[in-house]
2 protein chains.
Amino acid sequence: MDQTFSISDLAREFDITTRSIRFYEDQGLIEPTRRGQTRIYSRRDHVRLKLIMRGKRLGFSLAEIRDIIDIYDASPSSSSIQLNQMLNIIKQKKQALEQQIRDIAVIRLELETTEERCMKALRELPSDSAEND
Amino acid sequence: MDQTFSISDLAREFDITTRSIRFYEDQGLIEPTRRGQTRIYSRRDHVRLKLIMRGKRLGFSLAEIRDIIDIYDASPSSSSIQLNQMLNIIKQKKQALEQQIRDIAVIRLELETTEERCMKALRELPSDSAEND
DNA sequence: GAAAAACTTTACGTTAACGTAAAGCAATAG
DNA sequence: CTATTGCTTTACGTTAACGTAAAGTTTTTC
């Protein structure tokens, strides 16, 4: 239980540099403890990093990712104002995701159409040696 | 027919600056003609811009967007080598999109769980005046 | 116990994607 | 006619997200 990780553990697992990991800490996205000088990363930090990578794959900035993290572990005893603010941010993020889904659908269709064209063109090429290179 | 656009037409429509539009031209993503000094944008440029914005919303770099554009209007008479290269790039882009879809699903679920928590917390707050602000 | 491996901080460098300011030409509005 | 509006080029500035190098500490290995 209570698994911990070194910085290079995480760097290996997520295929990023230790520089990036320290940078994320700098930006307040993860909060490792210390044993002497050395950073110790918790299960929680591990989860955070996974979240960060997901966000990056979607093209979110670190600031936006921080928004999502903040939402993710907001204090359960918030005021109604804070709660409504959060609901607004959630709404915005959700809308962005819906837009991304639509965008993906369009690009995907275009790629697949082009893929078909390519494959057809390949089939209609003389099949023996590489004639037109 | 043969509709054309001024740079500010496009800036307005896509809600970007003229600086950005010129920058995209600089990067070879669009190719307006000229009337004297002034840039004239074609229907084709318009389509390109739409594609660029879509790519940006998905977090693609301009270089990646250029890849997709190149795929989109590749010469129909390519060699088998070129065709296979294109098929490979298409495959990669498609895989990235699939990953994005998975990422969206996860984040979406997290957002909706949190949304529920927020709404529940709101309902359980005394409904009269703003007590905890 | 000495060298190598893994960690640390500090700090300047880099790239993408523009922002912004300066200075000039061209059309058109008053 | 001149003043505003819209376009242009040139070029330096800026921000995010790290890369990279230097110089030091600590831990592990032989």
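The legends below describe close-up views of a predicted model with chains A and B and DNA strands C and D.

**View 1. Confidence along chain A.** The mean pLDDT of chain A is 92. At least 70 is reached by 93% of the residues. Among the elements of chain A, α2(A) has the highest mean pLDDT, at 98. Helix α4 (residues 62-72) of chain A has the lowest, at 93. Residues 129-133 of chain A fall below 50. Beyond near neighbours in sequence, this stretch has seven contacts in the model. Where pLDDT is low, the predicted coordinates should not be read in detail.

**View 2. The sheet of chain A.** Three strands make up an open sheet, ordered β1-β3-β2. Their pairing is antiparallel. The edge positions belong to β1 (4-5) and β2 (33-35) of chain A. Each has a single partner strand, so one side of each lacks a neighbour in the sheet. Strands of a sheet pair through backbone hydrogen bonds.

**View 3. From β1(A) to β3(A), with a helix across them.** Antiparallel strands β1(A) and β3(A) are joined by two bridges. T4(A) has S42(A) in β3(A) as its bridge partner. Helix α3 (residues 43-57) of chain A lies across β1 and β3 of chain A. The angle between this helix and β3(A) is about 80°.

**View 4. Where chain A meets chain B.** Chain A brings 38 residues to the contact, and chain B brings 38 residues. On the side of chain A that touches chain B, α3, α4 and α5 (80-123) of chain A each supply at least two residues. Helix α5(A) gives the most, with 24 residues. By class, this side of chain A has 21 nonpolar, eight polar and nine charged residues.

**View 5. The axis relating the two copies.** A turn of 180° and a shift of 0.0 Å along the axis lay chain A on chain B. The RMSD is 0.1 Å. The two copies are therefore related as by a two-fold rotation axis. In chain A, G59(A) has the C-alpha nearest the axis, 1.8 Å from it. Both copies use the same surface: 100% of the contact residues of chain A recur in chain B.

**View 6. The protein surface near DNA strand C.** Around DNA strand C there are 15 residues. Nearest are S8(A) and R39(A) from chain A, with S20(B), S61(B) and L62(B) from chain B. The elements of chain A that each supply at least two residues are α1 (7-14), α2 (18-26) and β3 (38-42). In chain B, α2 (18-26) and α4 (62-72) each do so. Helix α2(B) gives the most to this surface, with three residues. The surface divides into four nonpolar, eight polar and three charged residues.

**View 7. The protein surface near DNA strand D.** DNA strand D is surrounded by 17 residues. The closest are S20(A), S61(A) and L62(A) of chain A, with S8(B) and R39(B) of chain B. From chain A, α2 and α4 give two or more residues each. From chain B, α1 (7-14), α2 and β3 (38-42) do so. The largest share, three residues, comes from α2(A). By class, this surface has four nonpolar, ten polar and three charged residues.

Conventions: Residues numbered from 1 in each chain as written. Chains lettered and ligands numbered in written order. Predicted model: local features only at pLDDT ≥ 70, side-chain atom pairs only at ≥ 80, totals over all residues. Near = placed C-beta within 6 Å. Helix = DSSP H or I, 4+ residues; strand = E, 2+ residues; numbered from the N terminus. Nonpolar A, V, L, I, M, F, W, Y, C, P; charged D, E, K, R; others polar. pLDDT = per-residue confidence, 0-100. Contact = placed C-beta atoms within 7 Å. Pairing = 2+ DSSP bridges. Axes fitted to C-alpha atoms, helices over the stretch in contact; angles between N-to-C directions. Least-squares fit on C-alpha atoms with pLDDT ≥ 70 in both.
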